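Trainee: I should like to learn how to read the features of a protein model. May we work through one together?

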Amino acid sequence: MMGMQAATATAAWTTFAVSVSELIRDESNKQPIAAQSGFSGLQDLCASGLASLTANYFLEKLLAVLQTEHIKHFWEQHTADPDVQQTEALLMASLQTLCAVVQHHLQLIKQLQQHMWASMGSPGQASAASVLLGLQQRYTRTAEAMLTCAAPISIVAILRRYFGVKLAEFSQARQNTINSSGSDGDEGEQAEAMDIGSGPQPAASVMGQQWADQLPQVLTFLQQLGLQAVSEEAYTAVVCQHVQQHLSRHTKRVFDSPVLPAAQAYVAAVPMEFLRLLLGQGEGQSSLQQWQRRLSYYVYETVGQLRITEMFDIVVDYPDSRPAVQDVKDCLAHTNLHHKFVAGFKQAIGERLLHAGAATSDIIEQYVSTIKTLREVDPTAVLLEAVAEDIREYLQSRRDTIRCIVTMLTDDSAGGTGEGGPEGESLFEELKRTVADEGEDSDEEAETDEAAFASAESWEPDPIDADPSRSARSRRMHDIISMLVGIYGSKELFITEYRVMLSDKLLSKIDYNCDREIRTLELLKLRFGDANLHNCEIMLKDIADSKRINSNIKALPTVMTSPVRGRRQDAASIAPLTSTITSALFWPPHQQDNLKLPSQVQAMLDTYGSKYHDLKAPRKLKWRPALGSVTLTIRVGSDTLDLTVTPLHATIIMHFQEKVSWRGSELAKVMDLPPAKLRMGAIFWVNHGVLTESRGSGGDAMYTRVEQLIEGGANKAAGREAGASLAPENDPPLASAQDLIRQDMAVYETYIMGMLTNFDAGMPLDRIHNMLKMFVVDPPYDKSADQLAAFLGRLVADEKLALQGDMFRKRSSTQ
């Protein structure tokens, strides 16, 4: 009995294998297959319990044919590198052929399942049901794996090339439609830059129905081959790459117009319509909504990254780049690019701004533009706080920072609406505006209940990146002037430097016109208080008094009566002389000088002093001959030079009226100056071609007056004749702000040295600072820790103290 069943099964298997081979080979037959003709022996095999083995055998035969014939032929067609049009046609034809084969095989599997279900009537055959249920899924998954694993080239690359060509065609056709609607010239260029005209249009109306039908058909073929995930990967990469390239091409260096609205409109008009064509209607609507949100975020992220790389240039072009600033603000509000923004912007600032080749004034201007720009990007000032720290630290290391800040803040000749520039462009205009804003705030101190309630409702917590030691209100309250003055942590250095610069300006004035200085001082008084600028107010009052006194003195008779001999004597004419009479206690200290003026100039000073004594008895004048300015007209041959120089330079050249040549040592002795300082003054006239320098016997310098201006010197002098300007000096007569603060700190040196004598191990900075505040009362210690640190550093440089780690100690005699 068992032998008969085995023989029957063997015969049935042989018959079934032959019929399957013929059935698979005859792919043109699409008709339903009868069990007796197409699946011979199937019923006997099922009756013998070989249903699972039979189904697996049939599946393996189908997959073997698919791999050895159809998939191999598919990749042989795509191995070559045809042009774009051939690629499209070839892909469509090969996918269609392969899909026809797969669909035929699936139909055969379905028919086999039906016949096998009919043949398996007994309960014992129910174990093969699980095999039959998943037979089509097994075929599809295996066919997909065979197609992708046997690929000599990536199928994703083929699909990306195909979808990329199609998307580019649609984008170009969409653009041509817009350009042909009446745009030409500049308008055409603007249209090319992401202008989408009247809005989205279906792909069929732009490209034609035949073109629109091909894309869904290709996607259907891929889904039938089980390549849905591969196709999604391909067109996703193509769409994102197309958006990125388009934004990069039309966004770079475009700062004068916003980019985000046009970018979002372009995405809705081109990539979204392309995806709508691929995904179709119905269930694809939810996918389209996801794609719309996804592409919207991708636009914000891409534009944000592009703007971050150009942030330094955006700040340079501010305020003309306000549209780009708004783009940055919107991108940061919709993405998490804050850390990348801070890191990228700080790197650009470090590479392009904070280096020795950049002028301090340029760094300050860029700092001000950075403050204005980041205030618009982030009203909470968290980004500004993170970015500006490096700029502040670098500016602290520059010696001329405070002088540049004071110069820019008090210069009312640059920027402003009066010069045709934008309002608030200069720091002086910023000072005026902040003072006006503070005045308005003071008038509105009484906040209504409604305003307080609205403010409470609009409250938001600080970002996680914010400094917890500072409140949001304190960050927003700091304006540009406060941030600039606060670079050194105190306004004392700023006020001291302003006092020095005001002294320079006032001492160089000849006409006593101080209207601009008075206006600037009044603004600063509103900002920093009257008490802090009281000395500057006295300085300006001295100028006004000097003008009045100068007029009264010149109104006196030109002859004077000698109080000793009681007879009249001729007085030197003081008509060319004007003086500035200062109150020594309120002006910055002047460096001591021993300049000996020419006799005729000294006679004028004596006459002026005598008249002042007669007018203001018992007061007398104490002249500072190195201060002030002298206006000279020099004739050399047929050339004339009109220059405004310092008294030192004027004294040097006046001595050459007496002699044609002077030895350097001899002239220095006559003028009571060190030879080095005399040479610095004489070089000024050598550079102007008025004097020549040579070496005499013993290596001493010899200066000779020329009879005709030297050509090089005349050219240099011609540039000076356009406007009077003081000759620069390497040794300025007024001490700098740093020197004044050092002099103020010098009175505490004795206390510091005494403290460190009792502490051999040394003391840290904060402890020295606290002990000085506690015990020093005459004069009271009112300096900041930064000022004390700078003074202790000077003592270390002078080798009076030693610094080990953070401990200052007194230097011993053996060190």
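Trainee: Does Lys-800 count as buried, partly exposed or exposed?

Mentor: Relative accessible area decides this: buried means under 20%, exposed over 50%, and partly exposed in between, with a 1.4 Å probe and protein chains only. Lys-800 has 35% relative accessibility and therefore counts as partly exposed. Please note that this is a predicted model, in which local features need pLDDT of at least 70 and side-chain atom pairs count only at pLDDT 80 or more, while totals for chains, interfaces and linings use all residues. Residues are numbered from 1 along each chain as its sequence is written, and side-chain values use heavy atoms, with hydrogens and water left out.

Trainee: With which residue does the side chain of Lys-800 meet in a salt bridge?

Mentor: Side chains of opposite charge can pair when their charged atoms come close. The criterion for a salt bridge is a side-chain nitrogen of Lys or Arg within 4 Å of a carboxyl oxygen of Asp or Glu. Here the partner of Lys-800 is Glu-749, at 2.9 Å from N to O. Glu-749 belongs to helix 34 (residues 749-757), whereas Lys-800 sits in the loop between helix 36 (785-797) and strand 9 (801-804), so the pair ties together parts that are 51 residues apart in sequence. Helices (H or I, at least four residues) and strands (E, at least two) are DSSP runs, numbered from the N terminus.

Trainee: How many salt bridges does a search of the whole structure find?

Mentor: The search finds 17. One of them links the side chains of Asp-313 and Arg-352, again with an N to O distance of 2.9 Å. Asp-313 is in helix 15 (residues 311-316) and Arg-352 in helix 17, so this pair ties together parts that are 39 residues apart in sequence. Asp-313 is buried at 17% relative accessibility, and Arg-352 is partly exposed at 43%. A further salt bridge joins Arg-307 and Glu-310 at 3.4 Å, N to O; both Arg-307 and Glu-310 are buried.

Trainee: Where is His-339 found, and is His-339 buried or exposed?

Mentor: His-339 lies in helix 17, which spans residues 338-352. Its relative accessibility is 57%, so His-339 counts as exposed. The C-alpha atoms of His-339 and Leu-383 are 9.2 Å apart in space, with their positions 44 residues apart in sequence.

Trainee: How many disulfides does a search of the whole structure find?

Mentor: A disulfide is a covalent bond between the sulfur atoms of two cysteines. The test applied is a pair of cysteine sulfur atoms within 2.5 Å, and the search finds zero such pairs. Cys-240 is buried, with a relative accessible area of 16%; Cys-404 is also buried, at 16%.

Trainee: What do the totals for the protein chain say?

Mentor: Of its 815 residues, 43% count as buried, and the chain has 36 helices and 10 strands. A contact means heavy atoms within 4.5 Å. Among contacts between residues at least 6 apart in sequence, 73% join residues at least 24 apart.

Trainee: What is the mean pLDDT of the protein chain?

Mentor: The term pLDDT denotes the predictor's confidence in each residue, from 0 to 100. The chain's mean is 78, and 78% of its residues reach 70 or more. Over residues 183-193 the pLDDT is below 50, and this stretch has 12 contacts in the model beyond near neighbours in sequence. Residues 441-446 also have pLDDT below 50, with zero contacts beyond near neighbours in sequence.
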